[in-house]
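Work through the following exercises with the sequence and the coordinates side by side, and try each task before reading its solution.

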Amino acid sequence: MTRIQYQECIDACIQTMNACNYSDVSSLKQYDLASLRESIRLDRECADICSFAVQAMTRQSPFVAEILRLCAEICERCADESSKHIHTHCQECINACRAAARACRLISDTVEVYA
């Protein structure tokens, strides 16, 4: 696959990385920090794997299908954890994570068909 074919997934991962980074920083400013601990941890994990997934797609890594499957799984877990909280930044994170998970699964399935 070419970078152009990956573009929608790349865009979704970048948007999720940004949403998770914002949610992470915003969560650290909340008074109920203890209740947000797992969400903060998953925000970091999700932002990191999305960044790595973008890099893998950009350089057309031979492991892109596996990386995107892992990215989708972490995005879903992050969205699930964020859904436990009412903060606006958590709600924005949910939407971005779910969109990235869908895009990553679609591309990872497509890559395996062509492999």
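**Exercise 1: a bridge between helices**

At 25% relative accessibility, Arg98 counts as partly exposed; the model in which this is seen is a predicted one. Determine which side chain meets that of Arg98 in a salt bridge with an N to O distance of 3.1 Å, and where the two partners lie.

Solution. The partner is Asp80, whose side chain meets that of Arg98 at 3.1 Å, N to O. Asp80 lies in helix H3 and Arg98 in helix H4 (residues 88-114), so the pair ties together parts that are 18 residues apart in sequence. Asp80, with a relative accessible area of 39%, is likewise partly exposed.

**Exercise 2: a bridge within one helix**

Establish how many residues apart Glu38 and Arg41 are in helix H2.

Solution. Glu38 and Arg41 are 3 residues apart in helix H2 (residues 37-58), which means that about one helical turn separates them. Their side chains meet in a salt bridge of 2.5 Å, N to O. As for accessibility, Glu38 is partly exposed at 32%, and Arg41 is partly exposed at 44%.

**Exercise 3: cysteines without a bond**

Explain why the sulfur of Cys46 forms no bond with the closest cysteine sulfur.

Solution. The closest cysteine sulfur belongs to Cys75 and is 3.5 Å away, whereas a disulfide requires the sulfur atoms to be within 2.5 Å, so the distance is too far for a bond. The same reasoning applies to Cys104, because its closest cysteine sulfur, in Cys13, is 3.7 Å away and too far for a bond. The structure accordingly holds 0 disulfides.

Key. Residues are numbered from 1 along each chain as its sequence is written. This is a predicted model: local features need pLDDT of at least 70, side-chain atom pairs count only at pLDDT 80 or more; totals for chains, interfaces and linings use all residues. Side-chain values use heavy atoms; hydrogens and water are left out. A salt bridge is a side-chain nitrogen of Lys or Arg within 4 Å of a carboxyl oxygen of Asp or Glu. Helices (H or I, at least four residues) and strands (E, at least two) are DSSP runs, numbered from the N terminus. Buried means under 20% relative accessible area, exposed over 50%, partly exposed in between (1.4 Å probe, protein chains only).
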